[in-house]
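Here is a walk through one protein model, from the inside out. Have the sequence and the 3D view open as you read.

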Amino acid sequence: MITNEGKKDIATTYIKTYYRVIKIGEGGSATSAAQTDLDNYVATASSEVTPDVVGSTLIWNVDFLGSQVPSSGITEIGVFHNTTDKLLTRVTFTSTGAVAASDTVSFRVKLEVN
């Protein structure tokens with residue numbers, strides 16, 4: 001078992017520092033622990049995103065421009081390592097559908113270290 005303080009340390013020292021790249025895609029397969037990438041990558045956030053940490057929970061807030069979203073919409077988002085591009089977590093969801101190029105799509109990814 002990892003202690004509460006250990007969880008906080010992992011979240012604030014390692015994950016917060018090294019997992020700041022957010023990518024979106026249009027894949028929909030079930031997420032697997034063996035997965036290494038998005039199903040169908042579409043775009044990367046324009047800058048690294050530093051997550052907020054609450055206890056042992058990390059929260060990434062990121063915006064994408066409508067011009068980055070294909071007409072089919074977005075159905076997956078992933079958090080990746082800054083330098084190695086390793087996938088930390090991936091979430092699938094119902095399609096955003098078409099988004100006007102001038103609009104912004106906001107995502108919030110929450111991950112609890114437990």
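Leaving aside its neighbours within four places in sequence, which residues is V62 in contact with? Keep in mind that this is a predicted model. With those neighbours set aside, V62 contacts I22, A45, V49, I77, V105, S106 and F107.

## The nonpolar core

V62 also turns up in the largest nonpolar core, which has 21 residues. Along with I22, I24, W60, F64, I77 and F107, V62 is among the members that touch the most others. Five elements each put in at least two residues: α1 (4-18), β1 (19-25), β4 (57-65), β5 (76-81) and β7 (104-112). The top contributor is β4, with four residues.

As a general point, nonpolar side chains in soluble globular proteins tend to be buried together.

## The four-stranded sheet

One open sheet has four strands in the order β2-β1-β5-β6, with antiparallel pairing. Its edges are β2 (41-44) and β6, each of which pairs on one side only. Ignoring direction, neighbouring strands here are turned by 25 degrees against each other on average. Inside the sheet, β1 and β5 run antiparallel and are joined by six bridges; Y19, for instance, stands opposite H81 in β5. On the other pairing, β5 and β6 (residues 87-92) share five bridges, again antiparallel. Look for I77 opposite V91 and G78 opposite R90.

How much of β5 is buried? Six of its six residues are, so the strand is largely enclosed by the rest of the structure. Helix α1 lies across β1, β5 and β6, and runs at about 50 degrees to β1.

## The turn and a long loop

β5 and β6 make a hairpin with five residues between them. In that loop sits D85, whose phi is near 65 degrees, a positive value in a residue other than glycine. That's worth a glance, because most residues other than glycine have a negative phi. D85 is partly exposed, as its relative accessible area is 37%.

For another loop, go to A34, which is placed between β1 and β2. Is A34 buried or exposed? At 64% relative accessibility, A34 counts as exposed. From A34 to K23 is 11 residues in sequence and 18 Å in space, C-alpha to C-alpha.

## The three-stranded sheet

The other sheet to find is open too, with three strands in the order β3-β4-β7 and antiparallel pairing. β3 (52-54) and β7 are at the edges with a single partner strand each, so one side of each has no neighbour in the sheet. Twist from one strand to the next averages 25 degrees. Nine bridges hold the β4 and β7 pairing together, antiparallel once more, and V62 has F107 as its bridge partner in β7. Helix α1 packs on this sheet as well, touching β3 and β4, with its direction at about 25 degrees to that of β4.

T57 is also part of β4. Its relative accessibility is 18%, so T57 counts as buried, with the cut-off at under 20%. Not counting residues up to four places away in sequence, T57 touches D52, K110, L111 and E112.

## Charged pairs

How many salt bridges are there? The count comes to four. In general, side chains of opposite charge can pair when their charged atoms come close. One of the four is between E5 and K8, at 3.3 Å from N to O. These two are three residues apart in helix α1, so about one helical turn separates them. E5 is exposed at 54% relative accessibility, while K8 is partly exposed at 35%.

R90 takes part in two more interesting-to-click pairs. With D39, the N to O distance is 3.0 Å; this pair links R90 in strand β6 to D39 in the loop between β1 and β2, 51 residues apart. With E76, the closest N and O atoms are 2.6 Å apart, and here the link runs between β5 and β6 over 14 residues. Shared partners join D39, E76 and R90 into one network. Within that network, E76 is buried at 0% relative accessibility and R90 is buried at 6%, whereas D39 is partly exposed at 37%.

Definitions and conventions: Residues are numbered from 1 along each chain as its sequence is written. This is a predicted model: local features need pLDDT of at least 70, side-chain atom pairs count only at pLDDT 80 or more; totals for chains, interfaces and linings use all residues. Side-chain values use heavy atoms; hydrogens and water are left out. A nonpolar core is a set of buried Ala, Val, Leu, Ile, Met, Phe, Trp, Tyr and Cys residues joined through side-chain atoms within 4.5 Å. Buried means under 20% relative accessible area, exposed over 50%, partly exposed in between (1.4 Å probe, protein chains only). Contact means heavy atoms within 4.5 Å. Two strands pair if DSSP finds at least two bridges between them. Axes are lines fitted to C-alpha atoms, for helices over the stretch in contact, and angles run from 0 to 180 degrees between N-to-C directions. A salt bridge is a side-chain nitrogen of Lys or Arg within 4 Å of a carboxyl oxygen of Asp or Glu.
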